Amino acid sequence: MALGGMFRNAAAIYLHLVGPFRGKKSGASLARCLHQTLAMTKRLQARRLDGIDHNPWVEFVKLASEADVVNLGQGFPDFPPPDFAVEAFQHAVSGDFMLNQYTKAFGYPPLTKILASFFGKLLGQDIDPLKNVLVTVGAYGALFTAFQALVDEGDEVIIIEPFFDCYEPMTLMAGGRPVFVSLKPSPNQDGELDSSSSWQLDPTELASKFTSRTKALILNTPNNPLGKVFSRAELELVASLCQQHDVVCITDEVYQWLVYDGCQHVSIATLPGMWERTLTIGSAGKTFSATGWKVGWVLGPDSLLKHLRTMHQNSIFHCPTQAQAAVAQSFEREQLHFGQPSSYFVQLPQAIQRCRDHMIQSLKSVGLRPVIPQGSYFLITDISEFKSKMPNLPGAADEPYDRRFVKWMIKNKGLMAIPVSIFCSVPHQELFDHYIRFCFMKVKDRPGGGKTSSSLPMPPAGMGRGAGPICVGAG
Ligand SMILES: Cc1ncc(COP(=O)(O)O)c(C=O)c1O
């Protein structure tokens, strides 16, 4: 029906039903009566949403947007992507008009091709662009597709905490049961918890979490929020348990280029016997400082990926073509520069390490004790001293201290961080309720330094100072 016709019909219905009562009391009661007839009484919410409808991010993001708050909490850069990536996007938008149309469901062919060749070398596999690569709506999309494709009712999924917070609801939505194992801090010789490497898994405890129902383990290295980069020895332990118990490893490696102090990122898929049972997830948003592009991917054996393709073709089906074209061209550029000083993957961590060090100094200068991250663009800092000096901050009695502290900090100091307890299971929150997370991927807003000081470390060449993001999401 033409739009004009629809409006005419709606106007006629209004006139017939409501017109005669206009201005009369009975108009209101008719409206109420109609509303009662139309309002749904059936249970609306699908059961898979039970228990996951409260998202603490929504609350904290709202608080940060209410006042003039410096947002050092959320995980996105406040500077532009490198020039070559921006130009690639501009080219994708203004060049071949067919890039305005759908492309192949499982990924724009030049992107799947370059991902296969680029990561094939890194992972030591002969990667087939059609069988071993799936392009998704960000790494988030890859995670969701993986959980939905592989986790069944009653399956157990081992989650290492603190963890990127979507792993738990994604497990639950798939019908799975999250099984948590915590990284435990062990102080160095001086009694300090000064590095993310001091946080480790207890091998016996980890082994005890595997049962005959364990379907998958989710690993995140470099880890958000801690910045821990799992060592080869730690990955070997995880790998041997996955093999022993026939478990799939889903590895979220979105921060793989952001490692500092000469630390090496190791992909668990490169360990003997692991390619066949591993899904490796990446993000162009994190790779090229373009989180709004929302291009992600998952790499793995066809035996696993064929199920993710089934899930993808029955849900998203297809990701935006122009963003994929821009990512393809950016990877082609990076492949030519790989390992050289001109590579963005070399320049970015060098620049961001300076941002990290600057933030560490600033936090120390106000009496905080940051845990130095080996990777990612986050660090956590210990607020125990505040907890003992100001134990009675406003908030509900059962609200973890770190959440009350962040609300206090937003209100009184105009500074936003993220409470670390939101990255933990409810029973373990008190282990982590005296830490808050900062994001140091910021050149505009700094703690202590005010905004935009020229003495501060700058991002690599080609990374200008943008106006800063206008919209924010979880991260
Ligand atoms: C560990 C981790 N995985 C995945 C994502 C999501 O990445 P994307 O923006 O590509 O969906 C994030 C975003 O913050 C993250 O921190």
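Me: Which N or O atom contacts does an oxygen atom of the ligand have, K286 included?

Reply: A polar contact is a pair of N or O atoms within 3.5 Å; within protein, one must be able to donate a hydrogen and the other to accept it, and residues adjacent in sequence count only if both atoms are side-chain atoms. Here an N or O atom in the side chain of K286 is 2.8 Å from a ligand oxygen. A polar side-chain atom of Y255 lies 2.6 Å from an oxygen atom of the ligand, and a backbone N or O atom of Y140 lies 2.9 Å from one. This is a predicted model, where local features need pLDDT of at least 70, side-chain atom pairs count only at pLDDT 80 or more, and totals for chains, interfaces and linings use all residues. Residues are numbered from 1 along each chain as its sequence is written, and side-chain values use heavy atoms, with hydrogens and water left out.

Me: How is empty space found, and where does the second largest pocket lie?

Reply: Rolling a probe the size of a water molecule over the atoms shows where empty space is left. A pocket is an open set of points on a 1 Å grid over the protein atoms alone, where a 1.4 Å probe fits, with protein on both sides within 12 Å along at least five of seven lines; lining residues have an atom within 4 Å of a point. Domain 2 (56-80 + 343-472) and domain 3 (83-337), with bounds from an automatic or database domain assignment, both contribute lining residues, so the second largest pocket lies between them.

Me: Which residues are closest to the centre of the second largest pocket?

Reply: Of its 24 lining residues, they are H54, P56, D165, E168 and P169.
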